[in-house]
Amino acid sequence: DNMIDPIPSGVPRLCNLKTFSLRSNHISHLPYELTPFSKLQALHLDNNKLTMLPQSLGLLSSLTILTLANNLFKGEWQFFPISRLSGLVELRLTGNQLPSPPTGVARLPNLQQFDWRPIKQVMNRAEGDIGPV
């Protein structure tokens, strides 16, 4: 638990970064402008306090892995066009309060690993029930 929030201001200058892990912090938002990370292939944001994603994330055409498990995403996740990330091979959303997969997941041609569970199943697992819901 690093307790980073917000993301340090010098980070956007790391334009050759290919993997960026900010797991287990207190990050509640990402910088609006993510285009400096054009070479980014893997972005790990699990275990933070994110509630939304900037539209500029959709411009990261090299991104193949996006992990967003255990954040604070809620409801219908339609505000972010996930289908713009056509290079995604892995997408992890478990531990968020999403009643259905994000619109556009079915249109990701390269997706091989997708981790999402309905709200009820996530809540039951949090209570120690590991059986089917």
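Reader: What does L66 touch, not counting residues up to four places away in sequence?

Author: In this predicted model, the partners of L66 are L43, L57, I82, L85, L88, E90, L91 and R92. The criterion is heavy atoms within 4.5 Å.

Reader: What makes the group around L43, L57 and L66 a nonpolar core?

Author: The term requires buried residues of nonpolar kinds, joined through side-chain atoms within 4.5 Å. The largest such set has 26 residues, and those with the most contacts inside it are L43, L57, L63, L66, L68 and I82. In soluble globular proteins, nonpolar side chains tend to be buried together.

Reader: How much of the chain is buried?

Author: A residue is buried when its relative accessible area is under 20%. Of the 133 residues in the chain, 37% are buried. The exposed surface of the chain is about 7200 Å², of which carbon and sulfur atoms supply 54%.

Reader: Why is S56 called buried?

Author: The relative accessible area of S56 is 7%, and the limit is under 20%; S56 is therefore buried. S56 sits in the loop between strand 2 and strand 3. Leaving aside neighbours within four places in sequence, S56 is in contact with P31, Y32, E33 and L34.

Reader: Why is S24 called partly exposed?

Author: S24 has a relative accessibility of 27%. Buried would require a value under 20% and exposed a value over 50%, so S24 counts as partly exposed. S24 belongs to the loop between strand 1 and strand 2 (42-44).

Reader: What is notable about phi of S24?

Author: Phi of S24 is near 55 degrees, a positive value in a residue other than glycine. Most residues other than glycine have a negative phi. N70 also has a positive phi, near 60 degrees.

Reader: Where does N70 lie, and why is N70 described as buried, exposed or partly exposed?

Author: N70 is in the loop between strand 3 and strand 4. With a relative accessible area of 37%, N70 is neither under 20% nor over 50%, and so N70 is partly exposed.

Reader: Which elements does the chain contain, and in what order do they run?

Author: There are one helix and five strands, which run β-β-β-β-β-α from the N terminus on. The five strands form an open sheet with the order 1-2-3-4-5 and parallel pairing.

Reader: What makes strand 1 (19-21) and strand 5 (113-115) edge strands?

Author: Strand 1 and strand 5 each pair on one side only. From one strand to the next, the twist averages 5 degrees.

Reader: How do you know that strand 4 (residues 90-92) and strand 5 pair?

Author: Pairing requires at least two bridges. Strand 4 and strand 5 are joined over three bridges in the parallel sense, so the requirement is met. L91 stands opposite F114 in strand 5.

Reader: Which elements of the chain have the lowest and the highest mean pLDDT?

Author: The lowest mean pLDDT, 54, belongs to helix 1 (residues 119-126), and the highest, 97, to strand 3 (residues 65-67). Over residues 129-133 the pLDDT is below 50, and this stretch has five contacts in the model beyond near neighbours in sequence. The chain averages a pLDDT of 81, and 77% of the residues score at least 70.

Reader: Among contacts between residues at least 6 apart in sequence, how many join residues at least 24 apart?

Author: The share is 33%.

Note on methods:
Residues numbered from 1 in each chain as written. Predicted model: local features only at pLDDT ≥ 70, side-chain atom pairs only at ≥ 80, totals over all residues. Heavy atoms only, no water. Buried < 20%, exposed > 50% of the residue type's maximum accessible area, 1.4 Å probe, protein only. Helix = DSSP H or I, 4+ residues; strand = E, 2+ residues; numbered from the N terminus. Areas by Shrake-Rupley, 256 points an atom, 1.4 Å probe, with all protein chains shown as cover. Axes fitted to C-alpha atoms, helices over the stretch in contact; angles between N-to-C directions. pLDDT = per-residue confidence, 0-100.
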